[in-house]
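Dear colleague,

I am handing over the structure below, and I would be glad if you could look through it before reading on. My notes on what was found in it follow directly after.

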Amino acid sequence: MQLAGKVGYLRATEDYDPTLLNGAPIAFSSAKNTLGQARASFQVGYWLSGFMPFASVGYVSDIERKTTLVANTINPIGKNAWTWSLGANFISLSNGLTGSLAYREEAGRSNQTLKTIMGNIAWRF
């Protein structure tokens, strides 16, 4: 059995250029969005002949969320969320192949639910 815990901070910034109408910029249509999230999660898994099925649970809190959009002055999606995930990792030492497949869901925000299926594969040569 494998137990793992993660704690982290995510910071992201988006810059949008002004919207153009017939080649001319529209006033107040550019924007800059900033997000800062604190994250903590716990994962448990069990190795089975090169595969490790796992389950995890976590918590996400938006510490900072700003935008320069004039019309956007509310917090539409909620500040905090619980996350859970189910998936499997695999490792093949003989041919250098590793990867994972996971389903993750974020819930508990007032106006949003996030569902993600993510996979990755790596081959070392």
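In what follows, a residue is called buried when its relative accessible area is under 20%. Please keep in mind throughout that this is a predicted model.

On confidence, the chain has an average pLDDT of 88, and 95% of the residues reach a score of at least 70. The element with the highest confidence is strand 8 (residues 114–123), at a mean of 95, whereas the lowest confidence is found in strand 3 (residues 24–25), at 84.

The main topic of this note is the salt bridges, of which the count is 5. One of them joins Glu106 to Arg109, with 2.9 Å between the closest N and O atoms. Glu106 has a relative accessible area of 5%, which is under 20%, and therefore counts as buried; Arg109, at 8%, is buried by that cut-off too.

Another salt bridge pairs Asp62 with Arg65, where the closest N and O atoms lie 2.4 Å apart. Here Asp62 is buried, with a relative accessible area of 4%, while Arg65 is partly exposed, its relative accessible area being 33%.

These two pairs should be read together, since Asp62, Arg65, Glu106 and Arg109 are linked in a network of salt bridges. A further salt bridge is formed by the side chains of Glu64 and Lys66, at 3.4 Å from N to O.

With best wishes

Key. Residues are numbered from 1 along each chain as its sequence is written. This is a predicted model: local features need pLDDT of at least 70, side-chain atom pairs count only at pLDDT 80 or more; totals for chains, interfaces and linings use all residues. Side-chain values use heavy atoms; hydrogens and water are left out. A salt bridge is a side-chain nitrogen of Lys or Arg within 4 Å of a carboxyl oxygen of Asp or Glu. Buried means under 20% relative accessible area, exposed over 50%, partly exposed in between (1.4 Å probe, protein chains only). pLDDT is the predictor's confidence in each residue, from 0 to 100. Helices (H or I, at least four residues) and strands (E, at least two) are DSSP runs, numbered from the N terminus.
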